[in-house]
Every structure is written in structure tokens, then in C-alpha cells.
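Reader: Hey, can you walk me through this one? I'm new to reading structures.
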Amino acid sequence: MNSNSLNYVPPNIFIRLYSVWYRHFRVYTKNIVSNGFHPFMEPIIFLAGMGLGLGGYISNIENMPYIQYLAIGLPLSSAMFTAAFECSVGTFIRLEFAKTYDSMLAGPLSIENLFIGEIVWAGSKGAFYSSAVLFVFLACHVVPVTATVLFTPLIGFIVGVMFASLSLVFMSFVKSINTLDCYLTGVITPMFMFSGIIFPITNLPKWIQGIIEIFPLVHAVNIERAVCTGSFMPSLIWDLMYCFVFTLVATYIAVRRFKKKLMY
């Protein structure tokens, strides 16, 4: 053992988390044209089909045109889908096929660093995707231009880390890639349909509303509608707290389960 190894000081926590984030960033930007194309095109297609098509039969929802109502929530659904896919399908490939985590853990990274960095990366993708969708809608003049609407990327980041942590919890139980369909179709898609993006949940029966309140996307959509319309209410504090606590709890469970899974 030489003197250099005795004097070695591992990188601090921020450098380690950044190294995980930067690794994913380099892989993603290697094909930036193909990877960055659909967050700009997907909202146009969906908005044209749902907003313009269905909007012809629906006059107003909550004192605004239906196309505007729809456009306010879609940036967050985009953040949700990309984070969920990144930390389900992406994580499974890195874990089982590419064996990326084996090589990453060979360096000065702990399992906690690895998966918290993974969550932060998914949150960054959520912020990017929500920003891309917002840019398209602002360019099409379907979202009101206000100072508070600029908080959308931040809310997209919150949605990204929420669904990244939730996806990792699910992934800690998965043994086959075919099981991922159950999560994406049975969990993520219902949240998109019943989180107040396509229609207000206040029209649903009370007992269904009580169940829907468990969905994390509902609370993020409440915050997004508030910042886009300027209708701030005290209940938004509860929505923020829910997002924060949900992310902390899900992250703790995911890291704890992966720690056992990778060590044995």
C-alpha cells in the first residue's frame, strides 16, 4: 500500500451525484436529435387531436377554452411519462442487460449515490420535457403568457423526481421485463387519465375523488393550474407537502430495497 492510497479522499456527495447525472446526460445527448424530437412533436399531435377535435364539442371548462385547459396539464403528463419510462425500462436495461450499475459501483459510488443520482437525472428530464411542451403551447398561443407560468419547468422537475422514485420502488420488485407493462399500463396511464388533465375530477363521485387524491400527479396538476391561472389557494400548501413527502418516502423505500437486491 503506497502513501497515495492512504491519503485518498473520496469525492464529496455532490460530485458523486453529479457523476451519475452526467453519465446519463452524455448518453442522452449522444442522440439529441432523435431523443429531443418527440417532446416537441407529441404535444402538437395530442393537442390537435384532443384539443381541436374534442374542443369543438366542449365550449368551456372552469371558465377557459377546453384547448387551454388541456394544454395547462399536458407539460406535467409529459414529465411523468418520461421519468416513469427512464426509471422503469431504462433502469431494467441498465441493471439486467447492460450491467451499467456494476461498473458504476466499482468506483467511489454507493448504492444511495447511484439511485439518488438516477432520480435527479429523471427529474432533469422531466424539467426538459415540460419546458419543451410549454414552449410549443406558448408558441401556439394556447397557454396564457404570465410570469408564473415560468415555474412550469420546476414543477416538471418535481413530477420527474416523484415518478422516478415511484418507478424505482416498482422496479425493485420486478424480475422480468414483461412485468413493466403492468406498471406503465396499469399505474401510469390511469394517473394520466384521472389526474385533472383531461377533465376536472370534481365531477366524479366523492368516493372516486378520495381514491384519486392518492395519485401524486393530481397534486402537481393543482399547482400547475394555479401558477398558470394565478388562482392561488391555501390548499396548494398541502399539494406541495404531499409531493415532497411522497418523494422522500418513495426514495427511501427504493434505495433500501435496491441496497438489499444488489448486495445479495
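Author: Sure. One term to start with: a residue is called buried when its relative accessible area is under 20%. Keep in mind that this is a predicted model.

Reader: OK, so what share of the chain's residues count as buried?
Author: Of the 264 residues, 45% do.

Reader: And how many helices and strands are there?
Author: The chain has 11 helices and two strands. Going along the sequence, the order is α-α-α-β-β-α-α-α-α-α-α-α-α.

Reader: What about the radius of gyration?
Author: The chain comes out at 20 Å. A compact globule of 264 residues would be near 18 Å, so the two agree. The C-alpha atoms fill a box of roughly 75 × 40 × 40 Å along the principal axes.

Reader: Which contacts hold partners far along the sequence?
Author: Take contacts between residues at least 6 apart in sequence: 76% of them join residues at least 24 apart.

Reader: Switching topic, how many disulfides are there?
Author: Zero, in a search of the whole structure. For Cys87, the nearest cysteine sulfur belongs to Cys243 and is 17 Å away. Cys228 is in no disulfide either; its nearest cysteine sulfur, again that of Cys243, is 15 Å away.

Reader: Why is that too far?
Author: Because a disulfide needs the two sulfur atoms within 2.5 Å.

Reader: Is Cys87 buried or exposed?
Author: Cys87 counts as buried because its relative accessibility is 0%. Cys228 is buried as well, at 3%.

Reader: Last one: how many positive and negative side chains?
Author: There are 15 positive and 11 negative ones, and the centres of the two sets lie 10 Å apart.

Definitions and conventions
Residues numbered from 1 in each chain as written. Predicted model: local features only at pLDDT ≥ 70, side-chain atom pairs only at ≥ 80, totals over all residues. Heavy atoms only, no water. Helix = DSSP H or I, 4+ residues; strand = E, 2+ residues; numbered from the N terminus. Rg over C-alpha atoms; globule rule 2.2 N^0.38 Å. Buried < 20%, exposed > 50% of the residue type's maximum accessible area, 1.4 Å probe, protein only. Contact = heavy atoms within 4.5 Å. Lys, Arg positive; Asp, Glu negative; His and termini not counted. Charge placed at Lys NZ, Arg CZ, Asp CG, Glu CD.
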